[in-house]
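Here is a short report on one protein chain and its ligand. Keep the 3D view open as you read.

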Amino acid sequence: MWVMSDRGIPRSLRMIQGFGVHTFRLVNAAGEAHFVKFHWKPKLGIHSLVWDEAVKIAGADADFHRRDLWDAIEAGEYPEWELGLQIFTEDQAEGFSFDVLDATKLIPQELVPVTPVGRMVLNRNPDNFFAETEQVAFCAAHVVPGIDFSNDPLLAGRIHSYTDAQITRLGGVNFHEIPINAPLAPVHNNQRDGLHRQAIPRGKVAYEPNSLAGGYGQACGCPSFMELTCSFDMMTAKRRYGNAIALRVNVTVEKT
Ligand code: HEM
């Protein structure tokens, strides 16, 4: 219904609204979880074309949208979106007349208002289309500590299938080491080997947590890692974020 409405033919990618189909969870420092829906609202407003306009534009310039976005960024007119959250409890969700884990349902803002929390600005075009666009791997499973999943069945399908496709599309299990996908901070998770490995890990441990490589990270020889391990160990991670996401926390520990 949304796609067939006026919203289905945006005037520009800079004027397109985005909102998560899925319900995720936010987990606070005490390990308490709330459901969350993410919303992106364009600063330029939401604008659409009518059918006849879209047909003429597409006939004259099939690259219209891509060119529009590129030209605006080159001209310094950076497109901007406001990030808003709809946060609600499981008890609230139980009281709704629809299933919040049904991807075809929106949560009315009268029930849960959208709270603005941040913004996204696109301020640079790619320098190299292949290296930065073709090789990028987005995946619904890649979340930062503090964000967790819900039982949304469509989300469950996406969590495993994107990685699966990316392993093939990007040439092997180490596609996270391609520059556009690699984190800026070093990661010491003891994962190793496989096709197209870019790093040269030392030691023999290939899993975490472990007792042979100092818990985690030591096998990579990072001098600062033991210090970090002491101040932010697995127990702390579990206490802060719960068992389910503690394993992910130690992977990104150097960024915290
Ligand atoms: C509302 C639901 C969905 C949305 C909005 C969505 C969106 C997308 C987007 C934007 C991409 C491109 C990602 C990229 O460029 O790396 C993509 C790729 C893909 N999607 Fe979905 N998708 C949805 C549902 C699903 C489901 C349910 C599955 C499978 C069970 C699935 C499987 C895939 C796969 C395998 C790829 C290719 C990944 C890759 O090679 O990078 N998607 N999807």
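## Strand E2 and its partners

Strand E2 pairs with strand E6, which covers residues 147-148. The two run antiparallel and share two bridges. One contact point is easy to find: Leu 26 has Ile 147 in E6 as its bridge partner. Keep in mind that this model is predicted.

E2 also pairs with strand E3. E2 spans residues 24-27, and E3 spans residues 33-42. These strands are antiparallel too, with four bridges joining them. Look for Val 27, whose bridge partner in E3 is Ala 33.

## The hairpin turn

E2 and E3 make a hairpin. Five residues lie between the two strands. Gly 31 sits in that turn, and its phi is positive, at about 85°.

## The whole chain

How many helices and strands does the protein chain have? There are eight helices and six strands. Along the sequence, the order is β-β-β-α-α-β-α-β-α-β-α-α-α-α.

The protein chain has 256 residues, and 13% of them count as buried. Now take the contacts with a separation of 6 or more. Of these, 64% link residues 24 or more positions apart.

## Around the ligand

Which classes of residue make up the shell around the ligand? Seven are nonpolar, three are polar and two are charged.

Several of these residues can be picked out along the chain. Among them are Val 21, Ala 103, Ala 137 and Phe 138. Others surrounding the ligand include Leu 154, Gly 157, Arg 158, Ser 161 and Tyr 162. Ala 165, Gln 166 and Arg 169 also belong to the surroundings of the ligand.

Technical notes: Residues numbered from 1 in each chain as written. Predicted model: local features only at pLDDT ≥ 70, side-chain atom pairs only at ≥ 80, totals over all residues. Near = placed C-beta within 6 Å. Nonpolar A, V, L, I, M, F, W, Y, C, P; charged D, E, K, R; others polar. Pairing = 2+ DSSP bridges. Buried ≥ 20, exposed ≤ 12 C-beta atoms within 10 Å, placed from the backbone. Contact = placed C-beta atoms within 7 Å.
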